[in-house]
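User: I've got a two-chain structure open and I'd like to go through it with you, piece by piece. Can we start with a pair of strand residues and work outwards?

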Amino acid sequence: MDVVLFLPETYLLLMALAFFCQSLWKSSAQLNQGIAVFLTGIGVFINLYTLNMTGDLFYQAYRVDLFSQTFKLLLSVGLFLIVILCRKNKSIEERLQPEFFMFLCVSALGLMLMVSSVELITILISMELSSYSLYILIPISKDISHGRIEAAVKYIIFGAAATGIMLFGMSYIFGLTQSTYLSEIMNKMPELIGQPVGIVGILLILCGFFYKLSVVPFHFWTPDIYEGTANETVSFIATMPKIAAAALLIRIVNLAPPGSVDLVQVLVVIAAVSMTFGNIAALVQKDLKRLLAYSSIAHAGYILLGILTLKVDGYSAVMFHITAYMLMNLACFLVISTVSKEGENVTISDISGLYKRSPLLAFTLAVGFFGLAGIPPTAGFTGKFFLFIAALKEGHLALIIIAAVNTAISIYYYLNIVRSAYGQDPDGLPAVSVSFSSRLLNYGLIIAIILLGVLPAKFIEFARTACETIKL
Amino acid sequence: MDFLIPNQLNYPILSVLIFAPLAGAIVLFMIRNETVARIWTLLVSLAVFVLSLPLYFNFDPSTTKYQFGEHTAWIPAFNINYTLGIDGISLLLVLLSTFLIPICVLASWKYIDKRVKEFHFCLLLMGSACVGIFSSLDFVLFYIFWEAMLIPMYLLIAVWGGPEKVYASIKFFIYTMVGSVFLLVAMIALYLKVGTFCIPELMTQTHLFSFNFQFWVFLAFGIAFAIKVPMAPFHTWLPAAHVQAPTAGSVLLASVLLKMGTYGFLRFCLPITPNASMYFAPYILIISICSIVYGGYVALGQSDMKKLIAYSSVAHMGFVTLGIFLFNKYGLEGAILQMINHGITTGALFLCVGIIYERSHSRLIADNSGIAKIMPIYIGFFGFFCLSSMAFPGTNSFVGELLVLLGVFTDHKLIGALSIPGVVLAAAYMLHLLQRIAWGKKGKINFPDMNIREVIYLTPLVIFVLWIGFAPGPFLDVMHASVGHLMDQLQTAGAVALVK
């Protein structure tokens, strides 16, 4: 076994241990955060170093290829940004901060394991590893109000149910193919996909990832958990598991041979319902986090557009869009967690006149929300554009029209936020101070979102190469 | 690349025109002093205007190809390129955009007193996006500019607008977005059919598009452009946006943004979906007549100066779409000239309203009436532009409207007869406005007359009104070849359809 192949995961595990040690004695919050930023920063470089490695580990249950390494790199960048974003972690008690970072690392570790797993049981275990850390992270916060506990309980119950459904699907697939290895399942799939039981098996497995991605029949947890959880924790939940879920959706859907009409039809319906429901429900939200929750449901629908093509073009568009989505969401959460004084939730009226209180934050917010709305020249537009091309190539015209109408609907609520920040007066709300590191993060996210939108050529080519590796 | 003439100049002029304002806008953030920021923006925009002049002087009016071409691969995976170039249709529109930005800066000198830097930032972004829209030859590039332009325009209305700015800005944004998402779908559909986003290449592939396909693509295009023009049932965002926008916003909105719609018809609908355009032409002609008469009639009843001019825009733009969908030389050239004329005249009228608004803080006619004696210079300018707006002989609009009407009467006598009331209405509402402002019942008002700055930025507009009015030759000459080419494209498509 080549140890280097497993380096990013080992590193995260060691980092979690480091924070475990750190939690044994008193240490200042600033020191903890400094260590975390430093360590996760190194993590990004380690992932860059292992980017081009390929190989199989653990009896072929674990595959290191460009596809998995790209997603791991994304996850490590995400973790790094989130750790910077947690600089003034207002909603978590100082003494719990090492634990907070520890569980973030463990959860990220689970997600990294997930994107490399090519065997059903490994997938399940790594997914649970990540979920269990989140079950603990959600209730960790300063004031344990009923909202927080409710969120935690809901996440556990829905999560457990989704895992159960997924396991059930795995049992079907195992029963049909006598194997838990994706590569072997794939060989036997062409004869199974014609049978209802094969489709049901695949769909049930997908349910577990639908839950993570908050696709419609599994979306119920999203608004409540976003609302009831600390801003910093949500910034993790809103981005990282979704990246891994997108990767796994691609891996599982890839099992289906080309021309699996029934499976695609189900996905088309789910995608259409998901984006329509998400966008319409978001129209009436006042709480920014709830609004982002519904927007994430809608975006899950957009992401399915790429997945249901069953083609590399679609998968690479998904990879692009999920990257853009992570950056845009982090931009929004950065603003939310900075504006929030004591870690409380932020409503639309709380950000009124933000452009006078902090021009930079207002600009980040505008870029983030315009990006989510899919307005050029942001990465959100480019991602959506690629998804549309991929899906329309496969002839899903009706679905694309639904998606286009949805984009138009969604403009209203995204614009509403920008309007509140730019079009209204502060009405006595205080100025928001932005620290130096947070300022850098603001600039970084703005530049990244716009650059990715304007110059996507390199990335999309890279994503295509990465996605081709799983077609084998 | 046989549709593109490589850049005649030794520097990439169109890219410079797009990126110079952007660079200027970024530098703007490093300037602390507000006056310096104003001067800087003025210098940048003037420089951009001066830099855009070689476009006219080096333009070859004899060729139908796109000139000053630039071509760089941008997203090779999807065959998306950074292709720029202009022809006789877009040349004047590019020049109009660069010409108006410095005027907008001057007009906002006193009017904008909060968030000065950000305001000028938005103005420069607008300048960059406008040039981009009119010079893009790649559909994706065009779409990006088309949409990106929304953000600074939205901010211009939402931050520096009047009391109803929130409603107006959101309405403006959503209307445009709704139109453009369908544009996006149509654009992807075209790409999948032909495998390119290159607009001139799409024009040559029309034989691949069945009528049914053209029908839907035209509808998708048509909604986006009709909202932007705006044509009668889609016009409701315009009065709201115009009334609430600051002067510079109104000017840009009227002079450049509305042209994007008619330009879209000329650049996309006619050459890419020729058969569908012919099929829809009668309906569009009827809608245009409705816009002309309805816009004029509503304008007659307004008590708010800006609203009156906004509705007059609906009527004027009706003449433009009327001219476009006649498919004959007079109609098309008249329409293009009328686009420029409307940009100059209506822009000037909004500037005039801005001048009086700075003094009285009211846009109502009743609050500003009877000022001929106290502001003679102002009334001189205002009256002049009113005459131009109602197409008085000797002014620019007369030439444009005459060409359009000539076009109408050659092919459709009945439609022509129906458009005559619109011409009469234009005279009615403009004279009524002028009469009340100049010689109406005088209130207890005492405003200072126009200052040097205001005279300076209105004078170039006066020159152009008279120039186009008396000698439209230089403006029409550049478009002959391109318009002829456009008509050829339509005729070829029509012939193919007949063979089928």
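**Strands, helices and odd backbone spots**

Analyst: Sure. Pro6(B) has a bridge partner in S2(B), and that partner is Gly69(B). Keep in mind that this is a predicted model.

User: In which sense do S1(B) and S2(B) pair?

Analyst: S1(B) covers residues 4–6, and two bridges tie it to S2(B). Pro6(B) with Gly69(B) is a bridge pair there. The sense of the pairing is parallel.

User: And how many bridges join S2(B) to S3(B)?

Analyst: S3(B) spans residues 80–86 and runs antiparallel to S2(B). Thr72(B), for one, stands opposite Tyr82(B) in S3(B). The number of bridges joining S2(B) and S3(B) is six.

User: Which residue takes a positive phi in the hairpin of S2(B) and S3(B)?

Analyst: The hairpin leaves four residues between its two strands. The positive phi there is near 55°, and the residue is Asn79(B).

User: Which strands are at the edges of that sheet?

Analyst: It's an open sheet of three strands in chain B, ordered S1-S2-S3, with mixed pairing. An edge strand here pairs on one side only. That makes the edge strands S1 and S3 of chain B.

User: What does the twist of this sheet average?

Analyst: The sheet in question is the open one with the order S1-S2-S3 in chain B. Going from one strand to the next, the twist averages 50°.

User: How many residues of S2(B) are buried?

Analyst: S2(B) runs over residues 66–75, which gives it ten residues, and the strand is mostly covered. Buried means under 20% relative accessible area. The count for S2(B) is seven.

User: Let's move to helices. Why is H4(B) called largely enclosed?

Analyst: H4(B) covers residues 116–135 and reaches 29 Å from its first C-alpha to its last, close to the 28 Å expected. The rest of the structure largely encloses H4(B), because its buried residues number 17 of the 20.

User: And how many residues of H15(B) are buried?

Analyst: H15(B), residues 376–389, reaches 20 Å end to end by C-alpha, close to the 20 Å expected for 14 residues. Its buried residues include Tyr378(B), Phe381(B), Gly383(B) and Cys386(B). The helix is mostly covered, and the buried count is ten.

User: How far apart are the C-alpha atoms of Ala427(B) and Ile456(B)?

Analyst: Ala427(B) sits in H17(B), residues 413–439, and is partly exposed at 22% relative accessible area. Along the chain, Ile456(B) is 29 residues away from Ala427(B). The separation of their C-alpha atoms is 27 Å.

User: Now the cis peptides. What is omega for the bond from Pro376(A) to Pro377(A)?

Analyst: Pro377(A) lies in the loop between H15 and H16 of chain A. The peptide bond leading into Pro377(A) is cis, with omega near 5°.

User: And where does Pro230(B) lie?

Analyst: Pro230(B) follows Val229(B) through a cis peptide bond, with omega near -15°. As for its place, Pro230(B) is in the loop between helices H9 and H10 of chain B.

User: Is Gln178(A) buried or exposed?

Analyst: Gln178(A) isn't a glycine, yet its phi is positive, about 55°. You'll find it in the loop between H6 and H7 of chain A. Its relative accessibility is 57%, and the cut-off for exposed is over 50%, so Gln178(A) counts as exposed.

User: What about Phe327(B): buried or exposed?

Analyst: Phe327(B) also has a positive phi, about 60°, without being a glycine. Its loop runs between H13 and H14 of chain B. At 18% relative accessibility, Phe327(B) falls under the 20% cut-off, so it counts as buried.

User: Last one: what is the area of the nonpolar surface patch that includes Tyr443(A)?

Analyst: Tyr443(A) is in H18(A), residues 436–454, and at 41% relative accessibility it counts as partly exposed. Phe436(A), Leu440(A), Ile447(A), Leu451(A) and Leu455(A) make the patch along with Tyr443(A). The area of that patch is about 650 Å².

Methods. Residues are numbered from 1 along each chain as its sequence is written. Chains are lettered from A and ligands numbered from 1 in the order in which they are written. This is a predicted model: local features need pLDDT of at least 70, side-chain atom pairs count only at pLDDT 80 or more; totals for chains, interfaces and linings use all residues. Side-chain values use heavy atoms; hydrogens and water are left out. Patches are made of residues with over 30% relative accessible area and no salt bridge: like charges are joined within 9 Å, nonpolar side chains (Val, Leu, Ile, Met, Phe, Trp, Tyr) within 5 Å. Accessible areas come from the Shrake-Rupley method with a 1.4 Å probe; for residues, only the protein chains shown count as cover. A salt bridge is a side-chain nitrogen of Lys or Arg within 4 Å of a carboxyl oxygen of Asp or Glu. Buried means under 20% relative accessible area, exposed over 50%, partly exposed in between (1.4 Å probe, protein chains only). Two strands pair if DSSP finds at least two bridges between them. The expected span of a helix is 1.5 Å times one less than its number of residues. Axes are lines fitted to C-alpha atoms, for helices over the stretch in contact, and angles run from 0 to 180 degrees between N-to-C directions.
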